[in-house]
Amino acid sequence: MCKHILNAQVAIRAPCCRKWFDCAECHAEVSQHPLAKASEMAFACKKCKKTFRKDLSDFEDEDEFCPHCDNHFVLEAVEPEASLGVEGEDIRIDSRMIKDDRQKLKQGVTSIYDVEVSDKLG
């Protein structure tokens, strides 16, 4: 499973080291050499698990499909997006996530900034 391209439909065989990768960035993470360019590439379809070769110098619209199962493997890449959120239930129903029970306040004290210095020392 590729962490760079979420909808990768094929794996590619790197012509330089003959290892299988989901994308060029996956190759760059584990290899000490750049990905070699070639006019003919070997692919492995992730749907039917069969391999095939494509000549990239003469690539046409009908070449965007797996020859074994007709899986469309040339798609616009969907990359993961960074997001900041809170995992949990609906905050309107259960608000325990936002309460901080680690520090119990004294009676009449509404904030930690309301505590007297003498209360901290004594």
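**Pockets, cores and loops in a predicted model**

Asp 22 sits in the loop that connects strand S2 (20-21) to helix H1 (24-30). The model described here is predicted. The side chain of Asp 22 meets that of Lys 46 in a polar contact of 2.9 Å. Lys 46 is also one of the residues that Asp 22 contacts beyond its neighbours within four places in sequence. The others in that set are Met 1, Cys 2, Ala 8, Val 10 and Ala 11. Leu 6 lies 16 residues from Asp 22 in sequence. In space, the C-alpha atoms of Asp 22 and Leu 6 are 10.0 Å apart.

The overall fold was then examined. The protein chain contains 2 helices and 4 strands. Along the sequence, these elements follow the pattern β-β-α-β-β-α. The chain has 122 residues, and buried residues account for 21% of them. Contacts between residues at least 6 apart in sequence were also considered. Of these, 32% join residues at least 24 apart.

Asp 22 also belongs to the lining of a pocket. This is the second largest pocket, with a volume of about 170 Å³. Asp 22 lines this pocket together with Ile 12, Cys 23, Ala 24, Leu 35, Ala 36, Lys 37, Ala 38, Met 41, Phe 43 and Leu 56. By class, the lining comprises 9 nonpolar and 2 charged residues, with no polar residues. Asp 22 and Lys 37 are the charged members.

The largest pocket has a volume of about 250 Å³. Its lining consists of 13 residues. Ile 5, Ala 8, Gln 9, Val 10 and Phe 73 lie nearest the centre of this pocket. Nonpolar residues number 10 in the lining, alongside 2 polar and 1 charged. Two residues named here, Ala 8 and Val 10, are also contacts of Asp 22.

Val 10 lies in strand S1. Val 10 counts as buried because its relative accessibility is 9%, and the cut-off for burial is under 20%. Residues up to four places away in sequence aside, Val 10 touches Asp 22, Phe 43, Ala 44, Cys 45, Lys 46, Phe 52 and Phe 73. Lys 46 is thus contacted by Val 10 and by Asp 22. Val 10 and Cys 66 are 56 residues apart along the chain. Their C-alpha atoms are separated by 9.0 Å.

Val 10 and Cys 66 both belong to the largest nonpolar core. This core has 8 residues in all, and its other members are Ile 12, Met 41, Phe 43, Cys 45, Phe 52 and Phe 73. At least two core residues come from each of strand S1 (10-13) and strand S3 (40-45). S3 gives the most, with 3 residues. Another core, of 5 residues, lies apart from this one. Its members include Cys 2, Ala 14, Cys 23 and Cys 26.

Several core residues recur elsewhere in the model. Phe 73, a core member, is among the residues nearest the centre of the largest pocket. Ile 12, Met 41 and Phe 43, also in the core, line the second largest pocket. Cys 23 lines that second pocket and belongs to the separate core of 5 residues. Met 41 contacts Ile 12, Arg 13, Pro 15, Phe 52, Arg 53, Lys 54 and Leu 56, leaving aside neighbours within four places in sequence. Of these contacts, Ile 12 and Phe 52 are members of the largest core.

Backbone geometry was examined next. Most residues other than glycine have a negative phi. Arg 18 is not a glycine, yet its phi is positive, at about 60°. Arg 18 lies in the loop between S1 and S2. Arg 18 counts as exposed because its relative accessible area is 54%, and the cut-off for exposure is over 50%. Asp 70, likewise not a glycine, also has a positive phi of about 60°. Asp 70 is located in the loop between strand S4 (51-55) and helix H2 (117-121). With a relative accessibility of 58%, Asp 70 also counts as exposed.

Methods
Residues are numbered from 1 along each chain as its sequence is written. This is a predicted model: local features need pLDDT of at least 70, side-chain atom pairs count only at pLDDT 80 or more; totals for chains, interfaces and linings use all residues. Side-chain values use heavy atoms; hydrogens and water are left out. On a 1 Å grid over the protein atoms alone, a cavity is a set of points where a 1.4 Å probe fits but cannot get out, and a pocket is an open set with protein on both sides within 12 Å along at least five of seven lines; lining residues have an atom within 4 Å of a point. Grid points are joined across faces, edges and corners, and a volume is the space filled by probe spheres set on the points. Contact means heavy atoms within 4.5 Å. A polar contact is a pair of N or O atoms within 3.5 Å; within protein, one must be able to donate a hydrogen and the other to accept it, and residues adjacent in sequence count only if both atoms are side-chain atoms. A nonpolar core is a set of buried Ala, Val, Leu, Ile, Met, Phe, Trp, Tyr and Cys residues joined through side-chain atoms within 4.5 Å. Buried means under 20% relative accessible area, exposed over 50%, partly exposed in between (1.4 Å probe, protein chains only).
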